[in-house]
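Reader: I'd like a close look at one part of this protein: its charged side chains. Could you walk me through who pairs with whom, and what surrounds them?

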Amino acid sequence: MELDNSLEEEVLHLYQNPMIGASYTNTYGEENIQNLVGKYRNLREQEAMMDMLIRFSRSTDLATCFISVGVLHALGKNEDVQEAYRWAKNQEDPARIISHFDIGKSVADYFISA
């Protein structure tokens with residue numbers, strides 16, 4: 001599926017702003033997860049954003065993948081979350097990645113009501 005550049009830019013902006021850890025209210029990416037969940041829920045056509053979330057959940061960038069797992073968890077996409085965990089088990093430092101996934105899921109549980 002071809003991704004709308006404006007949607008891609010907006011989603012990427014929500015991953016990056018505000019910076020994770022830059023403030024007390026975004027210590028673990030709370031605002032990023034909330035904003036991405038809100039964006040997804042407000043889209044009429046959600047498939048393109050879901051494709052991005054799934055792809056980014058297997059990113060080598062730790063912040064990107066743990067935020068993605070948190071968003072997928074908040075949206076109830078359990079199979080996609082489990083796929084990300086399976087992917088993490090085959091990476092160079094799986095324990096580190098998995099612990100961040102756990103943080104993303106916990107943040108989603110605490111800050112997002114499904």
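Author: Let's start with the term we'll need: a salt bridge here is a side-chain nitrogen of Lys or Arg within 4 Å of a carboxyl oxygen of Asp or Glu. Keep in mind that this is a predicted model. The protein chain averages a pLDDT of 93, and 95% of the residues score at least 70. Confidence is lowest in helix H1 (residues 5-16), with a mean of 94, and highest in helix H5 (residues 78-89), at 98. Those two helices are handy to know, as Glu-10 lies in helix H1, while Glu-83 and Arg-86 both lie in helix H5.

In total, the structure holds three salt bridges. Take Glu-10 and Lys-39, whose side chains meet at 3.0 Å, N to O. Glu-10 belongs to helix H1 and Lys-39 to helix H2 (residues 30-42), so this pair ties together parts that are 29 residues apart in sequence. How do the two partners sit, buried or partly exposed? Glu-10 is partly exposed, at a relative accessible area of 37%, whereas Lys-39 counts as buried, because its relative accessibility is 18% and the cut-off for buried is under 20%.

Now over to Arg-86. Glu-79 forms a salt bridge with Arg-86, with 2.6 Å between the closest N and O atoms. Glu-83 forms one with Arg-86 too, and there the closest N and O atoms are 2.6 Å apart. Within helix H5, Glu-83 and Arg-86 are three residues apart, about one turn of the helix. Through these shared partners, the salt bridges join Glu-79, Glu-83 and Arg-86 into one network. As for accessibility, Arg-86 is partly exposed with a relative accessible area of 37%, and Glu-83 is partly exposed at 31%.

Which charged residue is buried yet has no salt bridge? That's Asp-80, which also has its place in helix H5. The nearest side chain of opposite charge is Arg-58, and it is 4.8 Å away; the cut-off for a salt bridge is 4 Å, so the pair doesn't count as one. Leaving aside neighbours within four places in sequence, Asp-80 is in contact with Ile-54, Arg-58 and Leu-72.

One more acid, for reference: Glu-8 is in helix H1 and counts as partly exposed, at 24% relative accessibility. Glu-8 and Leu-62 are 54 residues apart in sequence, and their C-alpha atoms are 19 Å apart in space.

What about the nonpolar surroundings? In soluble globular proteins, nonpolar side chains tend to be buried together. Here, the largest nonpolar core has 36 residues, and those with the most contacts inside it are Ile-33, Leu-36, Met-49, Leu-53, Val-71 and Phe-101. H1, H2, helix H3 (47-56), helix H4 (62-74), H5 and helix H6 (94-111) each supply at least two residues of this core, and its largest share, eight residues, comes from H4. Val-71 makes a good example: not counting residues up to four places away in sequence, Val-71 touches Ile-33, Leu-36, Val-37 and Leu-53.

How values were computed:
Residues are numbered from 1 along each chain as its sequence is written. This is a predicted model: local features need pLDDT of at least 70, side-chain atom pairs count only at pLDDT 80 or more; totals for chains, interfaces and linings use all residues. Side-chain values use heavy atoms; hydrogens and water are left out. pLDDT is the predictor's confidence in each residue, from 0 to 100. Helices (H or I, at least four residues) and strands (E, at least two) are DSSP runs, numbered from the N terminus. Buried means under 20% relative accessible area, exposed over 50%, partly exposed in between (1.4 Å probe, protein chains only). Lys and Arg count as positive and Asp and Glu as negative; His and the chain ends are not counted. Contact means heavy atoms within 4.5 Å. A nonpolar core is a set of buried Ala, Val, Leu, Ile, Met, Phe, Trp, Tyr and Cys residues joined through side-chain atoms within 4.5 Å.
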